[in-house]
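Subject: Structure handover

Hello,

Here is the structure I said I would pass on. Please look it over before reading the notes beneath.

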Amino acid sequence: MNSIRIGHSNGSYEVIFQNLEAALAALPDDTRVVTDSHVFSHYRHLLHSVPHIKVIEPGEHSKSISVLSEVLSWLALTRASRQTTICALGGGVVGDLAGFAAAVFMRGAPLVQIPTSLLAQVDSSVGGKVGIDLPEGKNLAGAFYPPVRVSIPIDALESLPTRQFANGMAEVWKYGFIMDRELVETLIKEPLHASHEALRPIVERCISLKARIVQEDEFETLGIRAVLNYGHTVGHAVEIVTGYGPVLHGEAISIGMVVEARLGEMLGVTPHGVTKTVRECLEAQGLPTSHESLRLEDSLVHAMYGDKKTVRGRLALSLLTEIGQCKLIEGVDEGILRSAIRDS
């Protein structure tokens, strides 16, 4: 498979599998590239023909109003137009930030995503969700803005540090837990690493799984797309409480998946023993399944009430009904959630 086509309300776009050099060569002449300093230092030699590059600091702190303002001003100062392609070259932070800039600059400019991290390739670059964080919560300002193309350079993953690769694998495991039991069984038998020959087929599989969901519920109004947020309600709260930095996104989601599996068992939604399976799988991947921030119960719960799935002040979480299936549960009792946090 060389590409996957994903439909949306205004058309469709292709997810193309190609090496990084080819992906960059395919960019139009009138392009503005947004990247971070880590990616830029590693691939500077491939960017010599790109006249306009905005380099931001790596990390979640760059998904902010202040950095968004810098990017928008840079686009204006470099005389970008509504026909100028904005390319997000990097991980999830770059993709979300540059994507949101593309959505709002002159009310919309073409967006190309070239994700260089595993997490961005299997998750954040696909589906059309872009945005930034606010001090009050993660991804609270954003838009649904599909790209015109996503290029997936599998070769870029070979340069990922071990921690960053594991960070992305949290989302790969998530796809298995929520909708593909066979994927879980495959990963248990043969753990993935950055140069594994099965890596590309697994990335393709995850993108196809996400494509199926986002095409059914593009604007997250039917509750279908919410299943992709398994582990994210607690995980985002961990990120907020720890100050967006010490715990990477995938690490926080790993912790969240264990807590939410335990919550599901307490509610009778998730079969007994699933929490143990989830924990063992994630730990085998080198991911954290607990954290000292779980002791900050009040702060975590407060952060969760700011989650986008909360309806009329009532908590809603995507919980496993078995390994390979998940559904959104609304009106979750706060007391039981607190017990799940303490027991995890």
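The notes below cover the enclosed cavities and then one residue, Glu-297.

Please keep in mind that this is a predicted model.

Cavities

The structure holds 2 cavities of 30 Å³ or more. The largest encloses about 90 Å³ of space. It is lined by 13 residues, and those closest to its centre are Lys-138, Ile-240, Ala-303, Gly-306 and Asp-307. Three elements each give at least two residues to this lining: strand E8 (137-144), helix H9 (232-242) and helix H12. H9 has the largest share, with 4 residues. Sorted by class, the lining of the largest cavity consists of 5 nonpolar, 4 polar and 4 charged residues.

The second largest cavity has a volume of about 80 Å³. Its lining is made up of Ile-6, Gly-7, His-8, Tyr-13, Gly-127, Gly-128, Phe-144, Tyr-145, Pro-146, Val-214, Glu-218 and Arg-225. Strand E1 (residues 3-8) supplies the largest share of that lining, 3 residues. By class, the lining of the second largest cavity has 6 nonpolar, 4 polar and 2 charged residues.

Glu-297

Helix H12, already listed for the largest cavity, spans residues 297-304 and includes Glu-297. Is Glu-297 buried or exposed? Its relative accessibility is 15%, and buried means under 20%, so Glu-297 counts as buried. Leaving aside residues up to four places away in sequence, Glu-297 touches Arg-338 and Arg-342.

Regards

Methods
Residues numbered from 1 in each chain as written. Predicted model: local features only at pLDDT ≥ 70, side-chain atom pairs only at ≥ 80, totals over all residues. Heavy atoms only, no water. Buried < 20%, exposed > 50% of the residue type's maximum accessible area, 1.4 Å probe, protein only. Contact = heavy atoms within 4.5 Å. 1 Å grid on protein atoms, 1.4 Å probe; cavity = no way out; pocket = protein on both sides within 12 Å on 5 of 7 lines; lining within 4 Å. Points joined across faces, edges and corners; volume = space filled by probe spheres on them. Nonpolar A, V, L, I, M, F, W, Y, C, P; charged D, E, K, R; others polar.
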